[in-house]
Amino acid sequence: MKKLLVASILSALGTSAYAADLPQGLDWQTNWDEPLFASAEAKRGGTYRTHILSFPQTLRSVGPDSNSGLRAYFLDDVPNLVSKHPDTLEWIPSLANEWAFGDDNKTVYFKLNPAAKWSDGKSVTADDFVFMLKFYRSKDIIAPWYNEYYSNVIAEVKKFDDLTFSVTSGIEKNPEDLLYTLGSLVPRPAHFYANPSKDENGDGIDDNFVRKYNFKSEPTTSAYYLDKVKKGKQLTFKHAGDDWWGYSNRYYQNRYNVDKIRIKVIRDNDIAMKHFEKGNLDAFSLLLPSLWHEKTSSEPYKQGYIHKFWGYNQMPQGAGGLWMNTAQPLLSDGELRKGIMLATDYDGMIENITRGDYSRKPHAMGFGHGNYDLPNPKPSKFDPEKAAEHFAKAGFDQIGPDGIRVNAKGERLSFGITYGRNSWTPRIAFLKEQAKLAGLEFTLNLVDGSAAFKYILEKKHELAFLNMGTADVPAYWEYFHSVNANKPQTNNHTNFSSPRLDKLIEQYKTEFDLAKKQGLSHQIQQEITTANVIVPGYMVPYAREAHWRWIKFPEQAMTKRTANMFPIDRTFGLHTFWIDTEAKKETKKAMKQGKAFPEVTVVDERYKL
């Protein structure tokens with residue numbers, strides 16, 4: 001009885017201190033009323049088997065070489081403080097159960113889910129968010145973008161008690177923008193990185209961070225943690241168990257159903273597809289038109305052992321296409337870049353190589369950002385005659401014996417296109433053949449897997465065939481501000497900047513009024529259009545996959561934000577699928593007996609634009 005009385009008194013004292021520290025009258029918000037998108041029929045268990053094309057160069061989620069590989073598993077797809085419902089796009093709880101806005105247009109207060117734990121069993125606390133700020137500001141992580149973002153965009157993290165803290169933006173923002181920025185934060189495990197003896201500069205981070213943690217996986221708040229690594233061959237993620245903290249949140253229930261995710265390195269997609277059709281992998285991406293249209297008529301498909309799925313989404317599309325590195329001497333010429341824009345036949349490539357399945361990006365910075373996007377932008381159409389006029393203005397006014405233009409110095413109009421997947425070779429080969437009509441030569445520079453992005457980050461490319469991710473609100477600073485130009489390990493892949501663009505980007509970052517911010521976005525996109533530094537590429541507004549019939553998913557399969565149904569090659573997904581062990585036994589028995597099932601192709605067009 002005395003113990004209960006003491007506990008009660010301490011609790012009361014804690015509540016009193018808590019109330020004194022927090023501002024009075026905060027309007028705490030939450031949202032547990034949105035529709036569920038997982039299935040109550042989902043079953044827990046089994047091992048999901050997939051593949052990647054190359055082993056990641058690091059298990060770090062920040063620092064050199066971390067932008068490729070498996071970063072989605074470690075950072076991009078782990079629980080945020082709050083997230084957007086994938087269908088209604090309303091804010092819903094994730095790591096935080098409640099949130100409240102301060103009266104300064106800069107601060108949001110959060111109350112963490114008290115059940116939240118790291119995969120090593122430690123509780124997630126406000127200290128992990130305080131440490132997060134130190135972590136990202138440290139020069140030891142060698143990540144300029146994070147250093148800048150968490151120094152300027154995020155001004156302060158303040159702890160009130162173990163579960164309650166506030167985050168303050170460096171600038172005033174409207175409520176939607178503010179929650180979008182601050183609610184997307186994820187913690188860093190302070191207990192995991194604590195090592196004061198190796199922190200001579202006193203910033204809380206090991207001075208040898210990059211090397212020490214290159215292949216050391218940190219604890220996670222996700223349902224899956226990295227359990228086993230066979231270097232160069234295989235990685236296995238293991239489920240945190242039925243008592244995973246996330247299941248205390250209704251939006252996570254009936255998701256993340258498999259016990260393990262086993263990722264095997266298979267360096268060739270054709271070989272990987274053979275593994276899949278033998279039953280060694282559970283699902284396989286069919287985004288490539290040649291796969292969907294030509295390679296899915298074999299016996300496993302006809303006999304109904306393997307099913308096909310095509311579902312449309314409404315995901316925002318990121319910047320991408322053909323990036324021109326203006327730090328390369330010839331590509332600094334604006335007339336020459338105009339010529340490349342007109343000599344690059346993306347529309348023809350989409351029609352002839354992707355069978356019209358893909359769509360053209362209307363602008364170099366992507367699509368699907370609502371009022372942030374320019375109204376009705378139009379990418380340049382292929383016009384080799386006009387391209388030739390611009391090349392002539394740039395000094396390439398002679399035609400060599402091989403049909404490629406040359407200038408007075410005898411330099412050929414030739415540029416290498418760096419890319420990272422062999423499956424893209426036919427697309428770039430098509431661009432190469434069409435460019436010849438304007439006297440332009442493209443050479444193909446295939447760099448294996450994650451090494452391709454490293455090559456581009458180090459600014460070694462001339463042209464880069466590359467698409468980047470995005471979110472609801474487009475980002476410009478990382479791609480076009482001068483502070484990131486001519487600097488390795490930044491996303492300014494064009495190395496282009498201008499004083500006017502710098503000013504617009506800085507205004508965009510600090511603008512409070514939503515309509516004005518969107519107007520600045522239009523101006524920035526127009527400046528990028530005028531600069532002619534990215535040929536707008538293609539977008540793929542759907543998920544298209546094959547899977548063995550024992551993989552099940554909800555009747556309403558797609559949401560607006562379902563990027564893929566199953567984790568395949570670096571993409572994590574919403575994890576609403578499950579493995580039906582009885583169906584697996586039934587399928588294997590039928591295969592031995594030569595029994596067939598109905599052929600199945602599911603097409604979900606609810607979110608087709």
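**The contact between domain 1 and domain 2**

Mentor: In this predicted model, the side chains of Asp 177 and Lys 517 form a salt bridge, with 3.5 Å from N to O.

Trainee: Why is the pairing of Asp 177 and Lys 517 called a salt bridge?

Mentor: The term requires a side-chain nitrogen of Lys or Arg within 4 Å of a carboxyl oxygen of Asp or Glu. The N to O value for Asp 177 and Lys 517 is 3.5 Å, so the pair satisfies the 4 Å cut-off.

Trainee: How many salt bridges are counted between domain 1 and domain 2?

Mentor: The count is two salt bridges. The rule for polar contacts also finds two residue pairs across this interface, both at pLDDT 80 or more. By class, the side of domain 1 that touches domain 2 has four charged, three polar and three nonpolar residues.

Trainee: Which residues belong to each domain?

Mentor: The domain assignment gives 28-213 as domain 1, and 319-448 + 504-539 as domain 2. Their C-alpha centres lie 35 Å apart. Domain 1 brings 10 residues to the contact and domain 2 brings nine.

Trainee: How much area do domain 1 and domain 2 bury between them?

Mentor: They bury about 740 Å², with 53% of it on carbon and sulfur atoms. In domain 1, the residues losing the most area to domain 2 are Ile 171, Asn 174 and Asp 177, together 47% of what that side buries.

Trainee: What makes the protein as compact as a globular protein of its length?

Mentor: The protein has 19 helices and 25 strands. Its radius of gyration is 26 Å, close to the 25 Å given by the globule rule for 609 residues, and therefore the description applies.

Note on methods: Residues numbered from 1 in each chain as written. Predicted model: local features only at pLDDT ≥ 70, side-chain atom pairs only at ≥ 80, totals over all residues. Heavy atoms only, no water. Domains from an automatic or database assignment. Contact = heavy atoms within 4.5 Å. Buried area = accessible area lost by both parts, 1.4 Å probe. Polar contact = N/O pair within 3.5 Å; in protein donor to acceptor, adjacent residues only side chain to side chain. Nonpolar A, V, L, I, M, F, W, Y, C, P; charged D, E, K, R; others polar. Helix = DSSP H or I, 4+ residues; strand = E, 2+ residues; numbered from the N terminus. Rg over C-alpha atoms; globule rule 2.2 N^0.38 Å.
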